[in-house]
Amino acid sequence: MTMDFNLLMNETVSRARSEMDAIGYEQLTTPEQVEDAVKRPGTTLVMVNSVCGCAGGIARPAAQHAIHFDKRPDHLVTVFAGQDKEATAQARMHFGEDHLPSSPSFALLKDGKLVAEVGRYEIEGHDPMSVVANLQGQFEEHCEEV
């Protein structure tokens, strides 16, 4: 039996994208879309998505549950590391010079400027609810009440 790697990856990526679409995150697939998104006034949560286990088992569930809070970002967007490479690189340019590229990860921008982030080291090996609590703490500090 042979397995078509590209077919398997396309299915995995499609499922990961669908999860984010279903919970209200806007897919940014080009650098231009990223620029348009970060120019929006208010707060923007950028989820850097990936196909790794900690993305599917921790980060995407946290992305879903964190937004059910009194305060939440004005805009929810996602880029897909390893898939939409140019869009991901463009998004990371807005995360600052000290940002270490990691996926999955989250960046919270306010009026286009990074105010908080959750890196892979704060996701991998943690349970989804601790990531939710981390994100909601950032929302509490930087976002307006819904």
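In the predicted model, 74% of the contacts between residues at least 6 apart in sequence join residues at least 24 apart. The chain that makes these contacts contains five helices and five strands. Read from the N terminus, these elements follow the order α-β-α-β-α-β-α-β-β-α. The radius of gyration is 15 Å, close to the 15 Å given by the globule rule for 146 residues, so the chain is as compact as a globular protein of that length. The C-alpha trace extends over about 55 × 35 × 30 Å along its principal axes.

With regard to the surface, 45% of the 146 residues of the chain count as buried. The accessible surface amounts to about 7700 Å², and carbon and sulfur atoms account for 51% of this area. The chain carries 12 positive and 23 negative charges. The mean position of the positive charges lies 2 Å from that of the negative charges.

The cysteine residues were examined for disulfides, of which the structure holds zero. For cysteine 54, the closest cysteine sulfur belongs to cysteine 52, at a distance of 3.3 Å. A disulfide requires the two sulfur atoms to be within 2.5 Å, and the sulfur atoms of cysteine 54 and cysteine 52 are therefore too far apart for a bond. Cysteine 54 is buried, its relative accessible area being 8%. Cysteine 143 is likewise buried, with a relative accessible area of 5%. Both values fall in the buried class because that class comprises relative accessible areas under 20%.

Technical notes
Residues are numbered from 1 along each chain as its sequence is written. This is a predicted model: local features need pLDDT of at least 70, side-chain atom pairs count only at pLDDT 80 or more; totals for chains, interfaces and linings use all residues. Side-chain values use heavy atoms; hydrogens and water are left out. Helices (H or I, at least four residues) and strands (E, at least two) are DSSP runs, numbered from the N terminus. The radius of gyration is taken over C-alpha atoms; the globule rule is 2.2 Å times the number of residues to the power 0.38. Buried means under 20% relative accessible area, exposed over 50%, partly exposed in between (1.4 Å probe, protein chains only). Contact means heavy atoms within 4.5 Å. Accessible areas come from the Shrake-Rupley method with a 1.4 Å probe; for residues, only the protein chains shown count as cover. Lys and Arg count as positive and Asp and Glu as negative; His and the chain ends are not counted. The place of a charge is taken as NZ of Lys, CZ of Arg, CG of Asp or CD of Glu.
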